Amino acid sequence: MPEFYDLQIHINGEQKFFLNEKIVSKYSARLKKMIDQEKRRTKTKKLGIEIDDFPGVFLGMTEKVSTCNLLQQTETFLAGMFYWSWIDILVCLKSCFPIFAHADSSGLVQKLISALLLKIAQNSDTNFITSSSSSSSSPETASGYRLSSSSKSTPDLIKSSSSSKAWWFEDLAVLPPNIIEKVIQSLGAYGPDNNSLILTRFLLHYLKTAAQSKAINQLYSKCEYGGLADTAIHGVVTVGKEAFSCRGLLWILRIVSGFGPNKDYKVGLEKLIGGMLDQATLDDLLVSGHDRAVYDVNLVLRLIRAFVNSDGISIHKMKKVGRLIDKYLGEISPDQNLKISKFLGVAESLPDSARDRFDGVYRAVDIYIQSHVSLSIEERSRLCGCLNYEKLSLAVCKELAKNPRIPPRIAVQALISQQSKVPKELDYCYNLSTSSTTQMVLYDDGENFLEENEDMRQNLTRMQWRVVELEKVCREMKGHMSKLVRHNVPTIPSHNRTLPKLC
């Protein structure tokens with residue numbers, strides 16, 4: 001080997017090449033000059049040259065130095081790239097990543113992208129044509145593309161495309177994000193200019209692949225995908241409800257959120273999802289949370305606000321969302337990291353008209369109280385503040401009154417609220433006054449109430465005694481309230497009395 005080389009060239013301090021000085025000098029004017037300088041400096045036979053800015057060094061390998069030199073061979077080679085195979089174009093594009101700045105400035109990247117788009121156009125129903133001349137099909141004019149459609153059929157050797165995923169999606173998914181950005185920019189569909197469904201679907205597929213691949217995550221940072229995520233979001237919002245379901249949009253939101261999209265783009269996507277919230281299911285809303293929280297409650301709150309503020313929301317859709325949110329409340333209630341303010345934020349985010357009954361909200365409140373055993377009376381009372389007692393069913397109201405976890409004052413308020421459900425013209429009523437300003441009224445609610453409370457109907461005297469006893473407990477509770485607050489004691493002191501049963 002030594003007899004064949006007398007020159008060592010170190011490239012960027014990483015690679016070493018052993019070459020013949022005469023042969024190299026014959027073709028490269030730049031290297032010949034460097035060799036002559038090194039000879040004068042060292043006066044040795046075997047030379048070593050270091051090149052730290054390669055590629056980009058002008059080697060002077062032109063026709064003036066030698067015929068059929070490297071520059072001409074390279075240009076001839078690249079001129080035929082429009083006739084390369086699909087795989088060859090992809091391999092060359094991917095190899096541009098380490099030297100992207102040089103490859104891009106020389107125009108190589110754009111030429112490869114033009115060849116790539118031409119291959120797609122030739123082999124699918126999606127056609128990329130020049131904006132200046134739709135009739136031109138020569139490779140030289142393959143720049144400044146826009147999207148069109150054609151009736152070309154896909155060859156047998158290439159998978160047929162579908163409405164959701166074209167045959168070229170998987171192949172392009174291996175390309176670096178900066179190359180994909182150049183592809184989208186070449187089509188004039190980057191950022192707010194994207195109104196193409198096929199490109200939007202490709203970008204979503206590309207981002208999903210990047211999010212799920214550990215190998216890709218090691219090569220590129222998340223921030224390199226930010227512009228592509230914004231472009232995908234704009235495309236989704238543009239085509240909107242016509243192409244995506246509510247579940248699909250929530251999936252898209254989860255994918256793009258991992259790449260740090262622009263806040264305004266993300267807000268637009270959330271508004272679109274919020275307007276379709278009546279189509280969501282409980283599973284759709286159970287998005288993993290942050291900061292030790294089990295679920296992302298803040299996201300659901302934003303979606304609910306977007307839904308409530310949407311135009312033309314029917315009462316049917318409002319009640320459908322009401323039932324959904326009641327289920328959601330029941331699911332998130334056991335979370336030990338869920339703050340009372342967040343729970344109440346969700347519970348109170350919908351207008352009263354969204355619920356015919358507040359039974360579901362009560363169940364969620366009870367689960368929350370059971371799961372958070374250290375709550376004070378004030379905190380439990382605050383939680384119950386989201387309940388509309390008049391919209392509690394009679395059965396749930398009785399359950400609330402007998403629930404030892406519910407503060408007595410709340411139980412009394414819930415019972416009093418049942419008066420509004422009873423017709424005033426009914427004959428049977430008890431009116432027991434404890435002062436000139438407060439009274440409790442219990443009515444016979446006709447057949448339904450009497451059938452559910454057979455004992456009360458048979459023994460009215462006993463029922464009256466129980467009501468009087470409950471009022472007595474309330475008076476005593478008021479007298480000891482300051483002591484309860486000071487010592488945070490959940491039961492009435494001195495006699496440890498429990499509330500009497502109403503039935």
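These legends go with a set of close-up views of one predicted model.

**View 1. The whole protein, before zooming in.** Let's start with the overall count: this predicted protein has 25 helices and seven strands. It runs to 503 residues, and 43% of them are buried. Now take the contacts between residues at least 6 apart in sequence: 67% of these join residues at least 24 apart.

**View 2. Helix 16 meets helix 17.** Two packed helices are described by the angle between their axes and the distance between the axes. Here the pair is helix 16, residues 315–332, and helix 17, residues 340–347, with axes that come within 10 Å and cross at roughly 165 degrees. Anything over 145 degrees counts as roughly antiparallel, so that's the label for helix 16 and helix 17. As for handedness, helix 16 passes helix 17 in a left-handed crossing. Which residues of the two helices make the contact? On helix 16, look for I325, Y328 and L329; on helix 17, find F343, V346 and A347. Sorted by class, the contact has six nonpolar residues, with no polar and no charged ones.

**View 3. Helix 18 and its packing partners.** Helix 18 covers residues 359–371, and you can check its length yourself. With 13 residues at 1.5 Å each, counted the usual way as one less than the number of residues, helix 18 should span 18 Å, and its end C-alpha atoms are indeed 18 Å apart, so the two agree. Plenty to spot inside: D359, V361, Y362, A364, V365, D366, Y368 and I369 are buried. What do the buried residues of helix 18 pack against? The partners are helix 16, helix 17, helix 19 (377–384) and helix 20 (394–402). You've already met helix 16 and helix 17 in View 2.

**View 4. L299, tucked into helix 15.** L299 belongs to helix 15, which covers residues 297–308. Is L299 buried or exposed? Its relative accessibility is 6%, so L299 counts as buried. Setting aside neighbours within four places in sequence, L299 is in contact with L253, E270 and V287. You can also find G289, ten residues away along the chain, with its C-alpha atom 9.0 Å from that of L299.

**View 5. C68, a loop residue with a positive phi.** C68 sits in the loop between strand 3 (47–51) and helix 3 (70–79). Its phi is positive, about 50 degrees, even though C68 isn't a glycine. With 47% relative accessibility, C68 counts as partly exposed, because the exposed label needs over 50%.

Terms used: Residues numbered from 1 in each chain as written. Predicted model: local features only at pLDDT ≥ 70, side-chain atom pairs only at ≥ 80, totals over all residues. Heavy atoms only, no water. Axes fitted to C-alpha atoms, helices over the stretch in contact; angles between N-to-C directions. Helix = DSSP H or I, 4+ residues; strand = E, 2+ residues; numbered from the N terminus. Parallel < 35°, antiparallel > 145°, perpendicular 65-115°, else oblique. Left-handed = near helix turned anticlockwise from the far one by under 90°. Contact = heavy atoms within 4.5 Å. Nonpolar A, V, L, I, M, F, W, Y, C, P; charged D, E, K, R; others polar. Buried < 20%, exposed > 50% of the residue type's maximum accessible area, 1.4 Å probe, protein only.
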